[in-house]
Amino acid sequence: MSQTITFQVQPGGSLRGEIRVPGDKSMSHRSIMLGSLAEGVTHVTGFLNAEDAISTLEAFRAMGVKIEGPVNGEVTIHGVGKHGLQAPAKPLYLGNSGTSMRLLSGLLAGQPFDTVLTGDKSLESRPMKRVTAPLALMGAEIITQENGTAPLHIMGKAGKLQGIHYDMPIASAQVKSCLLLAGMYAEGETSVTEPAPTRDHTERMLNGFGYPVTREGSTARINNQGKLTAARIDVPSDISSAAFFLVGASIAPDSDVTLRHVGINPTRTGVIDILRLMGANIEVLNEREVGGEPVADLRVRSAQLKGINIPEYLVPLAIDEFPVLFVAAACAEGQTILTGAEELRVKESDRIQVMADGLQILGVDAQPTKDGMIINGGGHIGSGEVESHGDHRIAMSFSIAGLRSSGPTTIKDCANVNTSFPEFRDLATKLGLALTSF
């Protein structure tokens, strides 16, 4: 992205008020993918109008799907059926979106045409072997760069993929989803066993479109016999976006924030569980189910957090929220230890190293480890200038840290906040964060 945006946060203040954060990014991606392959017209509300989800939408437009919107979070998808996609005229550019690239790899491996997937500099540095290797076991042919990264040249193998059983070496919803989507085009059954629970939006939404996916324990199964029928999808607010305000209201004195209509899928609520273990005051109110997904309002008030050893079983359930959880740990009394989170090193940035570097600049005792971090909290957060390395979650996390900083915090390279949460600055300032950008 050519534009550069810098955030500056003045210290102090509290967060107060009621907001609804934008729609869930994972579900927005999947609504476009499955709606495009469905028979009939799918209506989506609550769609996340941010760059990552738009990358998926534009990819399907390029493959011949008529999609109207998004307008005020509403999208109408005129599905072409499971076998109705057309060869795109040029490579599909997916921006910064790892979800788009990994899930599309599986879906496109079984098509009757070839495709090339490209992305920005950050996306083209991220590991893709984790999907291309198991897809190769199914008979897929995908040419990567020497080190296994994009651009990906996918040779369509319509009618030639074979179902496999795959034991995932690491817990990854993107790998699981990629293989299930490929399994829709493979002979026989495809089954995936995960070593720890990961988000299950793909399985839930496939079932919502009438395509059978079965689950037994930690194994999901699919075959090529199903079809997708158009559906109505109401995308709840993204808990990963809500997480910044869950932490902000916890660490800033005299805060009281209510977050409306947040998705509380049990495979995504690790951030709530971890914050509660640290002593956070979070109430789950008005629980209900919308389109097969659990939703609730979350009320969070200031609390004195304490350091904990983060249970490893919660790590995959909060993997995207750790940058801001590191800020919570910096404000907590005592030591917080995270292990089992090596996945953080291959996100949009090396989130372990980048967060440790920034916290140290702000005077926090944060020591990176191979698979996590040790943070000795309780001291004050200082002021200074930190680098986000173009990673949206890093930029937003250090913005929240400004609530407890002793002076102004400057965060460089924040343009990619638009990939997941374009409204962040407006909602944060509405609640009381003294954030400006230039």
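User: How many residues does the largest nonpolar core have, and which have the most contacts inside it?

Analyst: This is a predicted model. Its largest nonpolar core has 81 residues. Phe245, Leu259, Leu275, Phe322, Leu359 and Phe424 have the most contacts inside that core.

User: What does Leu259 touch?

Analyst: Leaving out residues up to four places away in sequence, Leu259 touches Ile19, Val21, Ala242, Phe245, Leu246, Ala296, Asp297 and Leu298. Phe245 is also one of the core residues with the most contacts.

User: And what lies apart from that core?

Analyst: Another core, of 63 residues, lies apart from it. Val75, Ile164, Met205 and Leu206 are among its members.

User: Pockets now. What volume does the largest pocket have?

Analyst: About 640 Å³. It is lined by 38 residues, and those closest to the pocket centre are Ala171, Ser172, Ile319, Glu343 and Lys347.

User: Which helices each supply at least two residues of that lining?

Analyst: Helices α1 (25–37), α3 (98–109), α5 (173–183) and α11 (392–401) each do so for the largest pocket.

User: How does the lining of the largest pocket split by class?

Analyst: There are 17 charged, 11 nonpolar and 10 polar residues in the lining of the largest pocket.

User: How much space lies in the second largest pocket?

Analyst: The second largest pocket holds about 330 Å³. Its lining consists of 20 residues, with Lys121, Ser122, His389, Gly390 and Asn416 the closest to its centre. By class, that lining has 8 charged, 8 polar and 4 nonpolar residues.

User: Switching to closed space: how many cavities of 30 Å³ or more does a search of the whole structure find?

Analyst: The search finds 2. The largest cavity has a volume of about 40 Å³, and the second largest contains about 30 Å³ of space.

User: Which residues line the largest cavity?

Analyst: Asp24, Met27, His201, Pro236, Gly263, Ile264, Asn265, Arg268, Glu293 and Pro294 line the largest cavity. They divide into 4 nonpolar, 3 polar and 3 charged residues.

User: What about the second largest cavity, what lines it?

Analyst: The lining of the second largest cavity is made up of Ile274, Met278, Ile310, Leu325, Phe326, Ala329 and Thr336. Of these, 6 are nonpolar and 1 is polar, with no charged residues.

User: Where does the largest share of that lining come from?

Analyst: Helix α9 (residues 322–331) gives the largest share of the lining of the second largest cavity, with 3 residues.

Conventions: Residues are numbered from 1 along each chain as its sequence is written. This is a predicted model: local features need pLDDT of at least 70, side-chain atom pairs count only at pLDDT 80 or more; totals for chains, interfaces and linings use all residues. Side-chain values use heavy atoms; hydrogens and water are left out. On a 1 Å grid over the protein atoms alone, a cavity is a set of points where a 1.4 Å probe fits but cannot get out, and a pocket is an open set with protein on both sides within 12 Å along at least five of seven lines; lining residues have an atom within 4 Å of a point. Grid points are joined across faces, edges and corners, and a volume is the space filled by probe spheres set on the points. Helices (H or I, at least four residues) and strands (E, at least two) are DSSP runs, numbered from the N terminus. Ala, Val, Leu, Ile, Met, Phe, Trp, Tyr, Cys and Pro count as nonpolar, Asp, Glu, Lys and Arg as charged, and the others, Gly among them, as polar. A nonpolar core is a set of buried Ala, Val, Leu, Ile, Met, Phe, Trp, Tyr and Cys residues joined through side-chain atoms within 4.5 Å. Buried means under 20% relative accessible area, exposed over 50%, partly exposed in between (1.4 Å probe, protein chains only). Contact means heavy atoms within 4.5 Å.
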